[in-house]
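Visitor: Please give me a close look at one part of this structure, the place where two helices pack together, and work towards it from the loops and strands around it. I would rather have one connected account than a list.

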Amino acid sequence: MPHTRMHAVAAACLLAAAFTCPPSLAQDGTGPAPAAQVQLRTAVLLSHAMAVEPNITYLHASGQALKLDVYRPARRPTQESTARLPVVLHFHGGGWVAGNRESRALAALPYLQMGFAFVNVQYRLANAALAPAAVEDALCALQWVGLNAEQYRFDLERVVTTGDSAGGHLALATAMIPGDSPFANQCAFNEESWSGPYRNAAPKVKAVVNWYGITDVADMLQGPHIRSYAVGWFGSLPQRAALARELSPLSHVRRGGPAVFTIHGDADKLVPYAHGVRLKSALDKMGVSNVLHTVEGGGHGGFSPEQQVVIFDGIQSFLRQQGIIPALR
């Protein structure tokens, strides 16, 4: 990758961090930037960086039409329109109980600069459906990628999942839960050929970029790490502990599994840093390629733009090592 491309990814990283970390400051640092100025700068940035197809229904569940947005790098005149793109499947955070995909739209920018298509996914929150609904939806979004690869020029040999916090958990679960899991069964009736044989069209995920995701869901339901968001996601479901173990990425670590790049602050109070450490240990034992990037003193996200640039430098290197993006020339 040319040196100028590296600078472009760093710039995209800084811009994404700037637009997603409130409050925005005026150039003199004295107060909030005018909303119109922020909107204009965002519109200009997006129009130059990407082509967007929003609000695509990928699943009907719990009376909802669940949507995703597809972002693709703006094609240069010299590029072949049939060239296949590696694809990132992104899940927002919010403890499975809050958040929305629109708030994380600019997370696409660094990946677009790396040449990825970026699929930004809505999933059911706890107020619509308790666990395991969010995982079921995420698995159906992966199937949607497989079913629509021709239309959107996705390269199914270079699929990456990513997300932060609960989204990091969903990225890991989507990549690591076996394709024959019953959690994928709800996808069947959403196919056009719902009256015929069912085929799970989900591609194999090659790598995960996990931003401080939950790796042991049961750990958050009781004991010293109990968290309200996790308790709320399960509500009064019976056999919660057993279901939580089935939904935990740590339960699905295996030889030949997807490579994992984890980012975690060692002072995180919402998802314990131990979750990242335990995942790394389990992956190491199975010989799975992985990195734990520790943000010293870092909390639950909110990393500085400078830290973000260092993180994405590591992500790029890792994705090159996995053969997902081209090696430096």
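Guide: W96 is found in the loop between strand 3 (85-91) and helix 3 (108-113), and in this predicted model the residue has a positive phi of about 65 degrees although it is not a glycine. Its side of the account is completed by its burial, since W96 has a relative accessible area of 0%. A107 has its place in that loop between strand 3 and helix 3 as well, and at 12% relative accessibility it counts as buried, because the cut-off for that class is under 20%. Leaving out residues up to four places away in sequence, A107 touches H90 and F118; the C-alpha atoms of A107 and H90, which are 17 residues apart along the chain, are separated by 8.7 Å.

The approach to the first of the two helices comes next. P132 lies in the loop between strand 4 (117-121) and helix 4, and the peptide bond that leads into it from A131 is cis, with omega near 10 degrees. On the way to the second helix, S165 lies in the loop between strand 5 (154-164) and helix 6, and S165, although it is not a glycine, has a positive phi of about 60 degrees. With a relative accessibility of 7%, S165 counts as buried.

Now to the packing itself. Two packed helices are described by the angle between their axes and by the distance between those axes. For helix 4 (residues 133-147) and helix 6 (residues 166-176), the angle is about 60 degrees and the axes are 9 Å apart, which makes helix 4 oblique to helix 6. The crossing in which helix 4 passes helix 6 is right-handed. On the side of helix 4 the contact is made by A134, V135, A138, L139 and L142, and on the side of helix 6 by H169, L170, A173 and T174. An α-helix has 3.6 residues a turn, so residues three or four places apart point the same way, and that is a useful thought to hold while reading the two sets of numbers. Sorted by character, the residues of this contact divide into seven nonpolar, two polar and no charged.

Helix 6 is mostly covered, with eleven of its eleven residues buried. Those buried residues run through A166, G167, G168, H169, L170, A171, L172, A173, T174, A175 and M176. Part of the setting of helix 6 can be read from T161, which lies in strand 5 and counts as buried at 0% relative accessibility. Residues up to four places away in sequence not being counted, T161 touches A171, T174 and A175, along with L89, V205, A207, V208 and V209. In the other direction, the C-alpha atoms of T161 and V260, although 99 residues apart along the chain, are separated by 9.6 Å.

Helix 4 has its own surroundings to consider. L66 lies in strand 2 (residues 64-73) and, at 0% relative accessibility, counts as buried. Once its neighbours within four places in sequence are set aside, the residues in contact with L66 include D137, Q122, Y123 and R124, and also I56; L66 and I56 are ten residues apart in sequence and 8.1 Å apart in space, C-alpha to C-alpha. N185 is found in the loop between helix 6 and strand 6 (207-211), and its 47% relative accessibility counts as partly exposed. The C-alpha atoms of N185 and E136 are separated by 8.1 Å, with their positions 49 residues apart along the chain.

As a frame for this one part, the secondary structure of the protein chain comes to ten helices and eight strands, and 51% of its 329 residues count as buried. Among contacts in the protein chain between residues at least 6 apart in sequence, 76% join residues at least 24 apart. The chain exposes about 14,800 Å², of which carbon and sulfur atoms supply 55%.

Key: Residues are numbered from 1 along each chain as its sequence is written. This is a predicted model: local features need pLDDT of at least 70, side-chain atom pairs count only at pLDDT 80 or more; totals for chains, interfaces and linings use all residues. Side-chain values use heavy atoms; hydrogens and water are left out. Axes are lines fitted to C-alpha atoms, for helices over the stretch in contact, and angles run from 0 to 180 degrees between N-to-C directions. Helices (H or I, at least four residues) and strands (E, at least two) are DSSP runs, numbered from the N terminus. Angles under 35 degrees count as roughly parallel, over 145 as roughly antiparallel, 65 to 115 as roughly perpendicular and the rest as oblique. A crossing is left-handed if the near helix is turned anticlockwise from the far one by less than a right angle, and right-handed if clockwise. Contact means heavy atoms within 4.5 Å. Ala, Val, Leu, Ile, Met, Phe, Trp, Tyr, Cys and Pro count as nonpolar, Asp, Glu, Lys and Arg as charged, and the others, Gly among them, as polar. Buried means under 20% relative accessible area, exposed over 50%, partly exposed in between (1.4 Å probe, protein chains only). Accessible areas come from the Shrake-Rupley method with a 1.4 Å probe; for residues, only the protein chains shown count as cover.
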